[in-house]
Amino acid sequence: MTESSYLTRIGTLIRDARRHQGLTQNELADKLGTSQSAVARIEQGRQNLSLEMLARVGETLGSEFVSLGHSGPQHLRIEGGKKLSGSIPVKTSKNAAVGLLCAALLNKGRTTLRNLARIEEVNRIIEVLTSMGVKVRWLPDSSDLEIIPPAELDLAAIDVAAARRTRTVIMFLGPLLHQFDTFSLPYAGGCDLGTRTVEPHLTALKAFGLDVTATHGFYEAKVDRTVHPEKAIVLTERGDTVTENALFAAALNPGTTIIRNASSNYMVQDVCFFLQELGVEIEGVGTTTLKVTGLESIDVDVEYAPSEDPIEAMSLIAAAVVTESSITIERAPIEFLEIEMATLEGMGLQYELSEEYLAKNGRTRLADITILPSDLTAPIDKIAPMPFPGLNIDNLPFFALIAACAEGTTMIHDWVYENRAIYLTELTKVGGTVQLLDPHRVMITGKTPKWRPAEVMCPPALRPGVVVLLAMLAANGTSVLRNVYVINRGYEDLAERLNALGATIEIFRDI
């Protein structure tokens with residue numbers, strides 16, 4: 001393409017963006033400190049443009065006209081200090097989505113997952129599945145995902161780069177041990193939350209004949225087909241993904257498998273409900289003991305809709321608290337928020353709860369929660385997570401933000417992750433008072449006198465990143481949160497959805 005045709009295309013884009021903003025050529029010229037005739041030449045493609053001028057025009061019109069691909073990081077510009085109002089429905093669960101994508105590998109038939117979260121974490125897993133020969137497509141005009149496996153997976157072609165950007169690939173072990181005598185998987189990545197041991201996974205799957213060694217950045221797996229569970233499997237960690245991996249292995253073990261110390265968390269329950277749709281018998285869903293009667297093979301066409309995400313619901317509750325707003329969070333999975341709501345009620349939060357109703361999976365209890373502006377006080381005891389039905393570990397960072405809005409001091413004890421609590425100190429950059437006691441504990445002093453705007457690099461952990469974003473909503477003035485990929489891993493269109501409640505968040509990239 002010639003230089004003149006590039007200039008013409010850019011000029012047309014600038015003209016359309018100017019008109020969209022309702023500006024005349026004179027008004028745009030005034031904002032740029034140039035003449036109307038210069039703007040006219042730009043729009044006609046008759047004016048050479050420097051990168052500086054393109055950047056100024058793009059910033060003035062809120063548009064990105066030139067990008068060298070889209071590999072550059074995405075940032076958010078937040079105009080804070082605004083009250084939120086209205087209603088917002090909760091999206092379906094991120095963690096259920098990734099578990100169900102892995103569970104689909106057990107099925108030789110067509111799996112259709114309804115209303116799935118369209119997030120970066122899901123995109124990475126889709127990339128990995130597609131590279132292995134799985135046919136995956138979003139159905140037209142929907143968030144429904146269709147998954148059709150090949151006759152045999154091509155593990156040699158696995159997208160290593162995509163696999164290394166998510167920890168979810170560790171959950172391929174359970175399904176793949178039934179399909180291959182030997183196979184390799186890349187080391188897993190994801191949030192920077194410290195060393196997350198895979199030993200509980202390997203210990204649980206040994207009962208199914210899986211032996212794994214780590215060499216040169218890959219898990220090298222061998223399967224002994226003569227080995228089957230002879231006694232109950234006792235998980236050494238009541239982890240969500242560990243439980244799911246054991247469930248995947250048990251689903252295609254034709255005998256009966258007992259799993260003890262199992263997680264009963266929301267994503268595990270969704271995986272159990274899905275496996276039941278595949279024909280696997282599971283007793284004890286919602287408890288710490290699961291009795292699974294597996295099948296020789298699974299080949300059915302199945303549809304399943306996961307429930308809503310309790311962590312996103314908690315994010316929206318925190319958004320209302322920090323901005324002192326009243327909003328209604330629709331379709332909140334209340335059975336996975338009851339301890340959180342009881343804790344908040346003890347701190348003085350006022351809220352209204354609708355009658356309960358069922359999610360589209362037919363099992364999970366939902367309710368609409370209306371948060372009201374409230375005077376909060378610090379809890380008497382520290383706030384710490386526990387396995388379900390305790391306070392969810394992923395909801396803990398939002399209590400740090402809420403504690404900054406409460407009178408008194410609150411200790412947040414993040415005993416599960418090795419260094420996530422450290423990232424909560426980022427709240428000090430926007431006006432919070434956070435004292436790091438050790439890698440697991442922070443002391444929050446409220447009531448934050450005044451949140452202040454700032455430019456901050458997004459923490460490399462999902463929930464602390466969202467916590468900083470929500471604090472910026474409360475800060476009068478303009479804040480910038482840079483490199484928000486980690487937020488996009490777990491939230492779909494979060495900026496746009498907050499804007500629908502009255503926030504002003506602009507998505508942009510550096511030129």
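**Figure 1. The hairpin of β7 and β8, with Thr215 facing Phe218.** In this predicted model, Thr215 has Phe218 of β8 as its bridge partner. Strand β7 (residues 210-215) and strand β8 (residues 218-223) run antiparallel and are joined by six bridges. Two strands are taken to pair if DSSP finds at least two bridges between them. Helices (H or I, at least four residues) and strands (E, at least two) are DSSP runs, numbered from the N terminus. Two residues lie between β7 and β8 in the hairpin, and His216 in the turn has a positive phi of about 55 degrees. Most residues other than glycine have a negative phi, and most peptide bonds are trans. Residues are numbered from 1 along each chain as its sequence is written, and side-chain values use heavy atoms, with hydrogens and water left out. As the model is predicted, local features need pLDDT of at least 70 and side-chain atom pairs count only at pLDDT 80 or more, whereas totals for chains, interfaces and linings use all residues.

**Figure 2. The four-stranded open sheet that contains β3 and β13.** The strand order is β4-β5-β3-β13, with mixed pairing. At the edges stand β4 and β13 (302-304), each of which pairs on one side only. From one strand to the next, the twist averages 15 degrees. β3 and β13 run parallel and are joined by three bridges. Within this pair, Leu113 stands opposite Tyr304 in β13. Helix α11 (residues 266-277) lies across β3 and β13 and runs at about 155 degrees to β13. Axes are lines fitted to C-alpha atoms, for helices over the stretch in contact, and angles run from 0 to 180 degrees between N-to-C directions.

**Figure 3. Two loop residues with positive phi, Asn115 and Asp141**. Asn115 belongs to the loop between β3 (111-113) and α6 (120-131), and its phi is near 55 degrees, a positive value in a residue other than glycine. Asp141 belongs to the loop between β4 (135-138) and β5 (145-148); this residue is not a glycine either, and its phi is positive, at about 55 degrees. Asn115 counts as partly exposed because its relative accessibility is 36%. Asp141 counts as exposed because its relative accessibility is 86%. Buried means under 20% relative accessible area, exposed over 50%, and partly exposed in between (1.4 Å probe, protein chains only).

**Figure 4. Helix α10 and its buried residues**. α10 (residues 240-251) has twelve residues and reaches 16 Å from its first C-alpha to its last, close to the 16 Å expected at 1.5 Å a residue. The expected span of a helix is 1.5 Å times one less than its number of residues. The helix is mostly covered, with ten of its twelve residues buried. Among them are Val242, Glu244, Leu247 and Phe248.

**Figure 5. Pro89 in strand β2 and its contacts**. Pro89 is part of strand β2 (residues 85-89). This residue counts as partly exposed because its relative accessibility is 41%. Apart from neighbours within four places in sequence, Pro89 is in contact (heavy atoms within 4.5 Å) with Glu312, Glu330 and Arg497. Pro89 and Asp368 are 279 residues apart along the chain, and their C-alpha atoms are separated by 8.7 Å.

**Figure 6. The four-stranded open sheet that contains β21 and β22.** The strands follow the order β21-β22-β1-β23, with mixed pairing. β21 and β23 (504-509) are the edge strands, each pairing on one side only. The twist averages 20 degrees from one strand to the next. β21 pairs with strand β22 (residues 477-482) in the parallel sense over three bridges, and Met457 has Arg482 of β22 as its bridge partner.

**Figure 7. Two cis peptide bonds in loops**. The bond from Phe388 to Pro389 is cis, with omega near 15 degrees; Pro389 lies in the loop between β17 (365-372) and α14 (396-403). The bond from Gly446 to Lys447 is also cis, with omega near 0 degrees, and Lys447 lies in the loop between β20 (441-446) and β21 (455-457).

**Figure 8. Residues 190-195 and the confidence of the model**. The chain has a mean pLDDT of 90, and 94% of its residues reach 70 or more. Over residues 190-195 the pLDDT is below 50, and this stretch has 25 contacts in the model beyond near neighbours in sequence. pLDDT is the predictor's confidence in each residue, from 0 to 100. Where pLDDT is low, the predicted coordinates should not be read in detail.
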